[in-house]
Amino acid sequence: MALTWRVHATLARSAANGPGTRFVVWAQGCTLGCPGCFNPETHGPRGDVRTVGDVAAEALGTPGIDGVTVSGGEPLEQPEALREFCGLVRPSGLGIVVLTGFARREIEADPGLSAAVERADMVIAGRYNARLRIGAGLRGSSNKEYWAVTGRYGPEDFADVPESEIVIAADGTVSVTGMHAWENEGRRGDR
């Protein structure tokens, strides 16, 4: 039986979710409850239920990308799906970045969570803290840690990642993504 994954959304091409042009997956579901999170619509248990293989095929079938980024919601609340996705993407040579609210020490203390990120290149780990908001380098707050699982990326690779982007799809769907602070100005946050 194919492993399923609750997914909030995917975006075929993004410059604001890691180095280069990236395919982005937003996992659905998060129980961490970080005050001020700018993706609250990804927290509930709903979302599209897809097979991990289908999501990986969508990413791998996207031409001209440099890597994939998995965000959320909380990707590590579905560790088996994340592990399988990374395993399917790894042989392609695409870079893999995972954004999580779990701290590195929490991940390393849990064999299931550790296994979920073992094939990632970079994990950006730690709870969002609104008082420490920076919204730069793909870190929402300064307490979030860059954890280079492989040598592919270092913190310097995230320095020029744009704060935000607006993507208009062929069907007219508008996506606003990145680490922008627009919600502080009364505008809607990330999808």
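Let's start with strand E11. E11 is mostly covered, with 4 of its 5 residues buried. Keep in mind that this is a predicted model.

E11 has a partner. Strand E10, residues 164–168, pairs with E11 in the antiparallel sense, over 5 bridges. For one point of contact, look at Ser164, which stands opposite Gly178 in E11. The two strands form a hairpin, with 5 residues between them. In that turn sits Gly172, with a positive phi of about 90 degrees. As background, in a regular strand the side chains alternate between the two faces of the sheet.

E11 also takes us inside. Which strands each supply at least two residues of the lining of the largest cavity? They are E5, residues 95–100, and E11, residues 174–178.

So, the cavity. A search of the whole structure finds 1 cavity of 30 Å³ or more. About 350 Å³ of space lies in it. The general idea is simple: rolling a probe the size of a water molecule over the atoms shows where empty space is left. Here, 26 residues line the largest cavity. Nearest its centre lie Cys37, Asn39, Ser71, Gly72 and Gly73. How does the lining divide into nonpolar, polar and charged residues? The split is 10 nonpolar, 12 polar and 4 charged.

Stay with two of those central residues. The peptide bond from Gly72 to Gly73 is cis, and its omega is near 25 degrees. Gly73 is found in the loop between strand E4, residues 67–71, and helix H2, residues 79–89. In general, most residues other than glycine have a negative phi, and most peptide bonds are trans.

That brings up another backbone feature. Leu138 is not a glycine, yet it has a positive phi of about 65 degrees. Find Leu138 in the loop between E7 and strand E8, residues 139–141. Buried or exposed, at a relative accessible area of 3%? Leu138 is buried, because the cut-off for buried is under 20%.

Back to E4 for a moment. Gly67 lies in that strand. Gly67 counts as buried, at 0% relative accessibility. Now look across to Arg22. The C-alpha atoms of Gly67 and Arg22 are separated by 4.9 Å, though the two residues are 45 apart along the chain.

Next, charges. In general, side chains of opposite charge can pair when their charged atoms come close. How many salt bridges does the structure hold? It holds 6. I'll take three of them.

One joins the side chains of Arg50 and Glu58, at 2.8 Å from N to O. Arg50 is partly exposed, with a relative accessible area of 24%. Glu58 counts as partly exposed too, at 28%.

Another joins Arg104 and Glu145. Their closest N and O atoms are 3.5 Å apart. Why does this pair tie together parts that are 41 residues apart in sequence? Because Arg104 lies in helix H3, residues 104–109, while Glu145 lies in strand E9, residues 145–148. Arg104 is partly exposed, at 28% relative accessibility. Glu145 is partly exposed as well, at 34%.

The third links Glu106 and Arg127, whose side chains meet at 2.7 Å, N to O. Glu106 lies in helix H3, and Arg127 sits in the loop between strand E6, residues 122–125, and strand E7, residues 133–136, so this pair ties together parts 21 residues apart in sequence. Glu106 counts as partly exposed, at 25% relative accessibility. For Arg127, the figure is 30%, again partly exposed. There is also a network: salt bridges that share partners join Arg104, Glu108 and Glu145.

Finally, step back to the whole protein. Its secondary structure comes to 4 helices and 11 strands. The radius of gyration is 15 Å, close to the 16 Å that the globule rule gives for 191 residues, so the protein is as compact as a globular protein of that length. Along its principal axes, the C-alpha trace spans about 45 × 45 × 35 Å. And of the 191 residues, 49% count as buried.

To recap, E11 pairs with E10, and it helps line the largest cavity. Gly72 and Gly73 lie among the residues nearest the centre of that cavity, and the bond between them is cis. Helix H3 holds Arg104, with its partner Glu145 in strand E9. Thanks, that's the tour.

Notes: Residues numbered from 1 in each chain as written. Predicted model: local features only at pLDDT ≥ 70, side-chain atom pairs only at ≥ 80, totals over all residues. Heavy atoms only, no water. 1 Å grid on protein atoms, 1.4 Å probe; cavity = no way out; pocket = protein on both sides within 12 Å on 5 of 7 lines; lining within 4 Å. Points joined across faces, edges and corners; volume = space filled by probe spheres on them. Nonpolar A, V, L, I, M, F, W, Y, C, P; charged D, E, K, R; others polar. Salt bridge = Lys/Arg side-chain N within 4 Å of Asp/Glu carboxyl O. Buried < 20%, exposed > 50% of the residue type's maximum accessible area, 1.4 Å probe, protein only. Pairing = 2+ DSSP bridges. Rg over C-alpha atoms; globule rule 2.2 N^0.38 Å.
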